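Thanks for making time this morning. I would like to walk you through one model, starting from a single residue and working outwards, so please keep the picture in view while I talk.

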Amino acid sequence: MNGLDLLARALAVPDFTPAVTPVEEHDGILVKREDAWSRGGASGAKARALFTVAGGASGIVSAGARISPQLERAAIVAHALGIPSRLHTGWGADTAETALAAAAEAEVLRHCPGRLSVIRARYRTDAEHLSGRGWACVPYGMEHPVYLEQVADQAAQLPSHVRRIVVPVGSGITLAAILRGLARASSRTPVLGVRVGGDPTPVLDRYAPGWHARATLVTTTAAFGDSVPNRLGALALDPHYEAKTLPFLSSGDLLWAVGVRASALRP
């Protein structure tokens, strides 16, 4: 599927912007539907934060791996706001995410070598230049205070009867925010983080000190780039993130669904 088709699929999702995203039951599992939040074709908790950060901005500069949905979300948010976007990623063939971003008129900047350290360094240089010109700067992994606060606020309002929270863990920023919100609500609900990418402990140490006492980390057997079966009943999950938590879920758990990329949406 080409970028324009993916963009059309994303834009077909109706706007849904509740102050508190719903908790639903799917196939015996509770799901915190942060993924259901949608505006202008951009869906999920990170899109919500991007709209907040970019409101009134001259443009958006961000970064992500070639398969990172952050690329497409930043591009679609900029498209919806009528502002430019510059997205830093690694060198290589188009992915669904880079193709959609380009279709949304983002400037996709591919760096070689495509190591994470290189992508982050190129992003930082660009952000330092553009921040003074009114651009919204959103780093790799959505490590931004707005995202932290918004997710913490959602976690603080979870139902009290939840047995356990299960969350996919990439950079660790979502898990850190959830732990902050639970602490704010004086909740002792157990938390299981399923690692789907690199080492999240630096981010957890920075934003959720003492996290070892509140959360357990396990690691999926699937590689970061692997796409896995992504259905929970009738609900489509992101095949690179949330779907990798499925083997770890038990009845009564709450799955924290951050978002779902356009290529995983039903046409």
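Tyrosine 140 touches Ala63, Gly64, Ala65, Gln70, Leu116, Ile119 and Arg120, if we leave aside residues up to four places away in sequence. I should say at once that this is a predicted model, and please hear everything that follows with that in mind. Tyrosine 140 sits in the loop between S8 and H6. One of the residues on that list, glutamine 70, is 70 residues away from tyrosine 140 in sequence, yet the two are 8.2 Å apart in space, counted from C-alpha to C-alpha. Is tyrosine 140 buried, partly exposed or exposed? Its relative accessible area is 21%, and because buried would require a value under 20%, tyrosine 140 counts as partly exposed.

Let me turn now to the sheet. It is an open sheet of four strands in the order S7-S6-S5-S8, and the pairing is parallel. Strand S7, residues 107-111, and strand S8, residues 135-138, stand at the edges, where each has a single partner strand, so one side of each is left without a neighbour in the sheet. On average, and ignoring direction, neighbouring strands are turned by 15 degrees against each other.

Helix H3, residues 69-81, packs on this sheet and touches strand S5, residues 59-63, as well as S6 and S8, with its direction making about 170 degrees with that of S6. Helix H5, which covers residues 116-130, lies across S5, S6, S7 and S8 and runs at about 160 degrees to S6.

Within the sheet, S5 deserves a slower look. Five of the five residues of S5 are buried, so this strand is largely enclosed by the rest of the structure. Gly59, Val61 and Ala63 point one way from the strand, whereas Ile60 and Ser62 point the other way. On one hand S5 pairs with S8 over four bridges in the parallel sense, and there glycine 59 has tryptophan 135 of S8 as its bridge partner. On the other hand S5 pairs with S6, again parallel and over four bridges, with alanine 63 bridged to histidine 88 of S6. Strand S6, residues 85-90, is in turn joined to S7 by five bridges, the two strands running parallel, and in that pair threonine 89 is matched with arginine 110 of S7.

Next, the helix that follows the loop of tyrosine 140. How far apart should the ends of H6, residues 145-156, be? At 1.5 Å a residue, its twelve residues should span 16 Å, and because its end C-alpha atoms are 16 Å apart, the model agrees with that expectation. Its buried residues are Tyr147, Leu148, Gln150, Val151, Ala152, Gln154 and Ala155, and they pack against strand S2 (29-33), helix H2 (45-54), helix H7 (173-184), helix H8 (201-207) and strand S14 (253-257).

I will finish with one helix pair. Helix H1, residues 3-11, and helix H4, residues 96-103, pack at an angle of about 80 degrees with their axes 8 Å apart, and they are therefore roughly perpendicular to each other. The contact is made by Gly3, Leu4, Leu6 and Leu7 from H1 and by Ala96, Ala99, Leu100 and Ala103 from H4. By class, the residues of this contact are seven nonpolar, one polar and no charged.

Note on methods
Residues are numbered from 1 along each chain as its sequence is written. This is a predicted model: local features need pLDDT of at least 70, side-chain atom pairs count only at pLDDT 80 or more; totals for chains, interfaces and linings use all residues. Side-chain values use heavy atoms; hydrogens and water are left out. Axes are lines fitted to C-alpha atoms, for helices over the stretch in contact, and angles run from 0 to 180 degrees between N-to-C directions. Angles under 35 degrees count as roughly parallel, over 145 as roughly antiparallel, 65 to 115 as roughly perpendicular and the rest as oblique. Contact means heavy atoms within 4.5 Å. Ala, Val, Leu, Ile, Met, Phe, Trp, Tyr, Cys and Pro count as nonpolar, Asp, Glu, Lys and Arg as charged, and the others, Gly among them, as polar. The expected span of a helix is 1.5 Å times one less than its number of residues. Buried means under 20% relative accessible area, exposed over 50%, partly exposed in between (1.4 Å probe, protein chains only). Two strands pair if DSSP finds at least two bridges between them.
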